[in-house]
Amino acid sequence: MKKKVISITVIIACLLAAAFFGYTGNYYHCVDPKEATSDTENVDVEKTDFGYFYDGPGTDKCLIFYPGGLVEDIAYGGLLKKIADSGTDCALVHMPFNLAVFGMNRAEKVTKEYDYEKWYIGGHSLGGAMAGNYAAEHQKSFDGLLLLAAYPTKDLSRSSMKVLSVYGSNDHVLERDKLKSARSLMPSDYTEQVIDGGNHGHFGNYGRQKGDGRATISTDEQQSETVSLMNKVFQ
């Protein structure tokens, strides 16, 4: 009887493991990996032990970025190049199984490795939620939080950091009721902006996301507007 119970437990464990790896193995890939990881005139891209570092002309500010759930990290290379080129260096953090819920504390490695006057943290979708929760637990470590189609679940209402929330008008993945509820968690210095014609997936370069609305602007336009909004809020 004991051997039978052990056998059933092993079978169940194997089935759960197979389901998990099947789920996490089916993720969105970057449409142009070479472009996402190559240098430009103003931005040097470095492969690091935590992911990638986008080193632009700025010297005093850095954004730590968490990728969306089941999205390849380098799919955000295009966006982070634009941010770095505008004056804020970027650390793109790779997540276990492409799920930030398993690597929420990985920002700590970046802050220990680099020295900046101002630190920002942010991310897209699930990555943004986990970045927000990490920021809530380390409020004195960051000057700002960037939420792209995302919302935190932990209280930031007493924080002195700036929070910028950006999402597309045609985003059909973001749960608007939860976004609305999360506004009560935000600090007084909170800005929410909607990109007209944008959708959920255009913050990255990984193609069309299942269930998402169709954007009426290009990926490049949505990302460029995001950078412009960020630079207006995070001075």
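Lys112 is exposed, with 65% relative accessible area (buried here means under 20%, exposed over 50%, and partly exposed in between, using a 1.4 Å probe and protein chains only). This comes from a predicted model, in which local features need pLDDT of at least 70 and side-chain atom pairs count only at pLDDT 80 or more, while totals for chains, interfaces and linings use all residues. Residues are numbered from 1 along each chain as its sequence is written, and side-chain values use heavy atoms, with hydrogens and water left out.

Back to Lys112: this residue pairs with Glu108 in a salt bridge, and the closest N and O atoms sit 3.1 Å apart (the term covers a side-chain nitrogen of Lys or Arg within 4 Å of a carboxyl oxygen of Asp or Glu). Both partners belong to helix α4, four residues apart, or about one turn of the helix (helices, H or I with at least four residues, and strands, E with at least two, are DSSP runs numbered from the N terminus). Glu108 is partly exposed, at 36% relative accessibility.

In total the structure holds seven salt bridges. Another one that involves α4 joins Lys109 to Asp49, again with 3.1 Å between the closest N and O atoms. This pair links distant parts of the chain, 60 residues apart: Lys109 is in helix α4 (residues 107–113), and Asp49 is in the loop between β1 (44–47) and β2 (51–55). Lys109 counts as partly exposed at 41% relative accessibility, whereas Asp49 is exposed at 55%.

Helix α4 also has a covered side to its story. Ala107 is part of this helix and is buried, at 0% relative accessibility. Its C-alpha atom is separated by 8.7 Å from that of Tyr66, a residue 41 positions away along the chain.

Lys81 and Glu35 form a further salt bridge, their closest N and O atoms being 3.6 Å apart. Lys81 lies in helix α3 (residues 77–85) and Glu35 in helix α2 (residues 33–36), so this contact ties together parts that are 46 residues apart in sequence. The lysine is the covered partner here: Lys81 is buried, with a relative accessible area of 7%, while Glu35 comes out as partly exposed at 38%.

What about the rest of α3? This helix is mostly covered, with seven of its nine residues buried. Apart from Lys81, the buried set includes Gly77, Gly78, Leu79, Leu80, Ile83 and Ala84. Just after the helix, Gly87 takes a positive phi of about 125 degrees.

Positive phi also turns up away from glycine. Most residues other than glycine have a negative phi. Phe97 nevertheless has a positive phi of about 60 degrees. This phenylalanine sits in the loop between β4 (89–93) and α4, and is partly exposed at 37% relative accessibility. Ala149 is another such case, with a positive phi of about 50 degrees although it is not a glycine. The loop between β6 and β7 (162–168) holds Ala149, which is buried with a relative accessible area of 3%.

Strand β6 (residues 144–148) contains Leu147. At 0% relative accessibility, Leu147 is buried. The C-alpha atoms of Leu147 and Gly128 are separated by 5.2 Å, with the two positions 19 residues apart along the chain counted as their spacing.

On the surface, Phe97 appears again, this time with Val101 and Phe102 in a nonpolar patch that has about 280 Å² of accessible area together. Patches are built from residues with over 30% relative accessible area and no salt bridge, joining like charges within 9 Å and nonpolar side chains (Val, Leu, Ile, Met, Phe, Trp, Tyr) within 5 Å. The areas come from the Shrake-Rupley method with a 1.4 Å probe, and for residues only the protein chains shown count as cover.

Finally, the largest pocket holds about 400 Å³ of space. Of the 21 residues lining this pocket, Gly69, Ser125, Leu126, Val173 and His200 are the closest to its centre. A pocket is an open set of points on a 1 Å grid over the protein atoms alone, where a 1.4 Å probe fits, with protein on both sides within 12 Å along at least five of seven lines; lining residues have an atom within 4 Å of a point. The lining divides into 13 nonpolar, seven polar and one charged residue.

Note on methods:
Grid points are joined across faces, edges and corners, and a volume is the space filled by probe spheres set on the points. Ala, Val, Leu, Ile, Met, Phe, Trp, Tyr, Cys and Pro count as nonpolar, Asp, Glu, Lys and Arg as charged, and the others, Gly among them, as polar.
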